[in-house]
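Okay, everyone, thanks for coming. Let me put the structure up and then talk you through the parts I spent time on.

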Amino acid sequence: MIPTYQLVIHSGPMAGKAFPLEKSESFIGRDLTNDIVINDAEISRRHARIFVQGTNYVIEDLGSTNGTAINGQRIMSPHILRPGELIILGEHVSLLFEAERMDPDATVASAASHQPATVRPPAPPSPPPPAYNTPYPPPPPSYAGQVPTPPMDVVEEPRKTPIWLLILGAVLLLVCICVVAIIAIDSLNLWCTLFGWFFGPEACP
């Protein structure tokens with residue numbers, strides 16, 4: 001069986017629409033008289049033609065304004081098309097040249113649809129996977145915005161002596177010095193010698 005081909009609009013207006021190549025010569029353009037009409041401003045009124053040459057399909061640009069390219073390469077002369085090639089018209093319109101997809105199983109599927117369907121018993125349910133009581137380690141603690149710092153050794157500061165205790169000690173020391181001085185002056189009889197000016201000549205002749 002001789003394969004038949006088609007053009008499928010890959011991009012541009014009516015993307016996805018297929019045009020079977022059933023004639024020996026087909027014209028592509030914006031004008032309604034073409035076999036494949038594409039209404040786009042970059043398509044010329046009669047842009048290109050595809051014709052059969054032997055067993056091949058050949059595309060030819062008909063002097064269009066924006067030109068015709070195959071797989072991105074602009075053609076300047078007739079080009080033999082290969083299945084899978086992308087025909088680019090202008091900048092935004094592209095058509096894919098491909099063989100029409102025939103479904104060889106369509107007849108078999110149609111005949112099989114008249115046969116009664118065989119009811120298959122449902123498959124037994126698969127056993128559930130074994131459960132393992134594996135303890136999971138607790139998740140690490142999360143910290144919001146700060147990195148925890150390791151604990152530091154606490155150094156106790158020396159206790160300070162209260163001020164009132166220092167004053168009391170100074171007073172006691174001064175009293176002790178005075179007592180010792182008085183005892184020493186009295187035992188040496190130095191009152192008149194040291195403090196004669198205080199007692200006067202009556203007490204210290």
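So, I'll begin with Ile59, which is buried, because its relative accessibility is 0% and the cut-off for buried is under 20%. Keep in mind that this is a predicted model. Ile59 sits in strand 6. What does Ile59 touch, once you drop residues up to four places away in sequence? The list is Ala48, Arg49, Ile50, Thr68, Ile70, Ile75, Ser77, Pro78, His79, Leu81 and Ile87. One of those, Pro78, is 19 residues from Ile59 in sequence, yet the C-alpha atoms of the two are 5.6 Å apart in space.

Now the sheet around that residue. Five strands make an open sheet, and if you walk across, the order is 4-3-5-6-9, with mixed pairing. At the edges you have strand 4, residues 36–37, and strand 9, residues 79–80, and each of them pairs on one side only. As a reminder, strands of a sheet pair through backbone hydrogen bonds, either parallel or antiparallel.

Let's go through the pairs. Strand 5 and strand 6, which covers residues 56–61, run antiparallel and are joined by 6 bridges. If you want to find the register on screen, Phe51 has Val58 as its bridge partner in strand 6, and Val52 has Tyr57. The two strands form a hairpin with 2 residues between them, and there Gly54 takes a positive phi near 70°.

On to strand 3, residues 25–29. Strand 3 runs antiparallel to strand 5, residues 48–53, with 4 bridges between them. Here Ile28 stands opposite Ala48, and Ser26 has Ile50 as its bridge partner. And where does the mixed pairing show up? Strand 3 and strand 4 run parallel, joined by 2 bridges, and Gly29 is bridged to Val37 in strand 4.

How enclosed is strand 3? Of its 5 residues, 4 are buried, so the strand is largely enclosed by the rest of the structure. Ser26 is a nice one to look at, since it belongs to strand 3. Is Ser26 buried or exposed? Buried: the relative accessible area of Ser26 is 6%, and anything under 20% goes in that class. Setting aside neighbours within four places in sequence, Ser26 is in contact with Leu21, Asp35, Ala48, Arg49 and Ile50. So Ile50 turns up twice for Ser26, as a contact and as the bridge partner. Ala48, Arg49 and Ile50 are also among the contacts of Ile59.

Okay, next sheet. This one is open too, with 6 strands in the order 2-1-11-10-7-8 and antiparallel pairing. The edge strands are strand 2, residues 18–20, and strand 8, residues 73–74, and each pairs on one side only. At the strand 2 end, 3 bridges join strand 2 to strand 1, residues 5–11, and the two run antiparallel. Val8 stands opposite Ala18 there.

A couple of backbone angles caught my eye. Most residues other than glycine have a negative phi. Met14 is not a glycine, but its phi is positive, about 60°. Where is Met14? In the loop between strand 1 and strand 2. Met14 counts as partly exposed, because its relative accessibility is 41%, between the 20% and 50% cut-offs. Then there's Asn71, also not a glycine, with a positive phi of about 55°. Asn71 is in the loop between strand 7, residues 68–70, and strand 8.

Now for a helix. Helix 2 covers residues 163–188, which makes 26 residues, and at 1.5 Å a residue it should span 38 Å. The C-alpha atoms at its ends are 38 Å apart, so the expected span and the model agree. Right after helix 2 comes Asn189, with a positive phi near 55°.

Last thing, confidence. The mean pLDDT for the protein is 78, and 63% of the residues reach 70 or more. The stretch to watch is residues 106–119, where the pLDDT is below 50 and, beyond near neighbours in sequence, there are 0 contacts in the model. Where pLDDT is low, the predicted coordinates should not be read in detail. Okay, that's what I've got, so over to you for questions.

Key. Residues are numbered from 1 along each chain as its sequence is written. This is a predicted model: local features need pLDDT of at least 70, side-chain atom pairs count only at pLDDT 80 or more; totals for chains, interfaces and linings use all residues. Side-chain values use heavy atoms; hydrogens and water are left out. Two strands pair if DSSP finds at least two bridges between them. Buried means under 20% relative accessible area, exposed over 50%, partly exposed in between (1.4 Å probe, protein chains only). Contact means heavy atoms within 4.5 Å. pLDDT is the predictor's confidence in each residue, from 0 to 100. The expected span of a helix is 1.5 Å times one less than its number of residues.
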